[in-house]
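Please look through this briefing on the surroundings of a ligand and on one sheet, with the sequence and the model at hand.

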Amino acid sequence: MLVRKVPGFVPASPWGLRLPQKFVFLLFLSGLVTLCFGALFLLPNSSRLKRLFLAPRTQQPGLEAVAQVASHPRARGQESPPNPAPAAPAPGEDDPGSQASSRRRKGWLRRTHPTGPREEATAARGSGATALRPQEGSVPSSFDFKAFRSRLRHPVLGTRADRSKEPQSLVHTQREKIKEMMRFAWQSYKRYAMGKNELRPLTRDGYEGNMFGGLSGATVIDSLDTLYLMELKEEFQEAKAWVEESFHLNVSGEASLFEVNIRYIGGLLSAFYLTGEEVFRIKAIKLGEKLLPAFDTPTGIPKGVVNFKSGSNRSWGWAMAGSSSILAEFGSLHLEFLHLTQLSGNQVFAEKVRNIRKVLREIDKPFGLYPNFLSPVSGNWMQHHVSVGGLGDSFYEYLIKSWLMSAKTDMEAKEMYYEALEAIETHLVNVSPGGLTYIAEWRGGILDHKMGHLACFSGGMIALGAEDAKEEKRAHYRELAAQITKTCHESYARSDTKLGPEAFWFNSGREAVATQTSESYYILRPEVVESYMYLWRQTHSPIYREWGWEVVMALEKYCRTEAGFSGIQDVYSKVPNHDNKQQTFFLAETLKYLYLLFSEDDMLSLEDWVFNTEAHPLPVNHSDSSGWGGG
Ligand code: DMJ
């Protein structure tokens, strides 16, 4: 069609606009575009729009994703990532990471802290110790680490001045020897089994076992505080780095509530209190949460096994045909669970163990004794077997240690402990014809005149509790502790290897020896040297160091292999038949107690620390504002 030119008429644009209108419109449009584009720079980082428009040149999302997967476990569906900020050293001690392994730590810092130094400093200031970046801090804390450290009566590792005076002394050499054993045990584990639960030194490989629900690295976690204590700094950093990078909690097997608590949670809690490193606090709490389904029972008495995947629980099949919970297991949670509450602010942990205490407080006790099997459904005892060794042991230990850990405010624990000890003395303690004091096992009034290696911790426990007994009982308990410890030493002295059997009897004219080959093994257990350590601190009698040194020599001779330490199958044979297992408690307990036996009393002073039943030190609550309030 022809468009004719009409005078006075300004032709319209193709959109039907005149020129001035078109100009105004274009001006408006360009203003709008400028505004929108500028706004992109002001949007928050998380804005999808911003990523959409700017990512290709300024954010490189592909690289970012790769970096996250490499350094943050959570990106692979794991729990909270680690926090590498350095810990505040305790008064009078060095930061274990400050010398030998500072290079490694700095490398780690570079990998995991993409934020600048200013942000790191701000984050660290916030917590009083170490802090996580906001997206990592999934377990908030009001715990003031610096205030906690300032309340300790002694430097954690003791007074260095004293130790430096005696570099040539015998005790110094002995302590260095034990340190060398720890280094060897750790390095062997690291070389052949790093990340597995235990080392098998003969086959030179790792072993996972079936107690930990799929969790790995029990030896790493159990070793942390011993490495720290012995100032094996490089090894401590190796262990810590493994926890940060490889200790994952998203496992789905069946776990022993007791073993996970005493080894993993105990080890992580201690590592936190010693270093202030957030990674240990957070992993302890998250693991504690995974144990809570064990308490879903009519009485609140937990069952022994918890399924990490389904959250179901069950009792051990061997515990009265799967009907019972075990005294030593549900009775050895109190210390750790109070600390979980303190460090998380979550009262649920403390409530769980207070309920256990209540059930045990109220139930009828035959002759004042606590049998080993209790139904978590009815709350009734299922069998009248009483033992201060296996199945019962650490329940008694946790009563006296609850009293001590509460800075002597938990009166209920104190009463329960001394009442139980009195009943034990009345009904279980015996003296053999040869004059050896021992604690028998009780089956509905009938005694088995035997003592398990496990029961040998009781010398130390009774010594520890002697000071707070009624005045007229104190000397008696000190003597009882010394006599029981002497008997346990006899069980070592009467063997060919100078290591003690799993159980020893007092019958048929025999005393303090195993009567069956099935009880003649020694699996690197700590209980006897544990008692030596407590008795040494109480009496300073040189005999305890002498006895401890006998153990060191025997371990070297019969248990050391080319690739780590191993248990032996028969303490009465000088030709060792190794069991091919370096138990985690050898590093957590046996070597730690030996080291402490040859150290000053103010190294992990008993005024400041209690040891959980796996020898992990937990601090005494010197403050009355902790939140656990005594119970
Ligand atoms: C450790 O795991 C703990 O000491 C526990 O209380 C009992 N037994 C072993 C060591 O023998």
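In this predicted model, α11 gives the largest share of the shell around the ligand, namely three residues. Both α11 (257–275) and α22 (584–597) supply at least two residues of that shell each, where helices are DSSP runs of H or I with at least four residues, strands are runs of E with at least two, and both are numbered from the N terminus.

**Ligand shell**
- The residues around the ligand, meaning those with a heavy atom within 4 Å of it, include Phe258, Ile262, Arg263, Leu454, Arg525 and Pro526.
- By character the shell divides into five nonpolar, one polar and five charged residues, with Asp, Glu, Lys and Arg counted as charged, Ala, Val, Leu, Ile, Met, Phe, Trp, Tyr, Cys and Pro as nonpolar, and the others, Gly among them, as polar.

**Distances to ligand oxygen atoms**
- A polar side-chain atom of Glu527 lies 2.6 Å from an oxygen atom of the ligand, and for Glu614 the corresponding distance is 2.6 Å.
- For Glu589, a polar side-chain atom lies 2.9 Å from an oxygen atom of the ligand.

**Sheet**
- Strands β6, β7 and β8 form an open sheet in that order, with antiparallel pairing, where two strands pair if DSSP finds at least two bridges between them.
- The edge strands, each pairing on one side only, are β6 (325–326) and β8 (381–383).
- Strand β7 (residues 373–374) pairs with β8 over two bridges, and Phe373 stands opposite Gln383 in β8.

**Basis**
- Residues are numbered from 1 along each chain as its sequence is written, and side-chain values use heavy atoms, leaving out hydrogens and water.
- Local features need pLDDT of at least 70 and side-chain atom pairs count only at pLDDT 80 or more, whereas totals for chains, interfaces and linings use all residues.

Technical notes: Polar contact = N/O pair within 3.5 Å; in protein donor to acceptor, adjacent residues only side chain to side chain.
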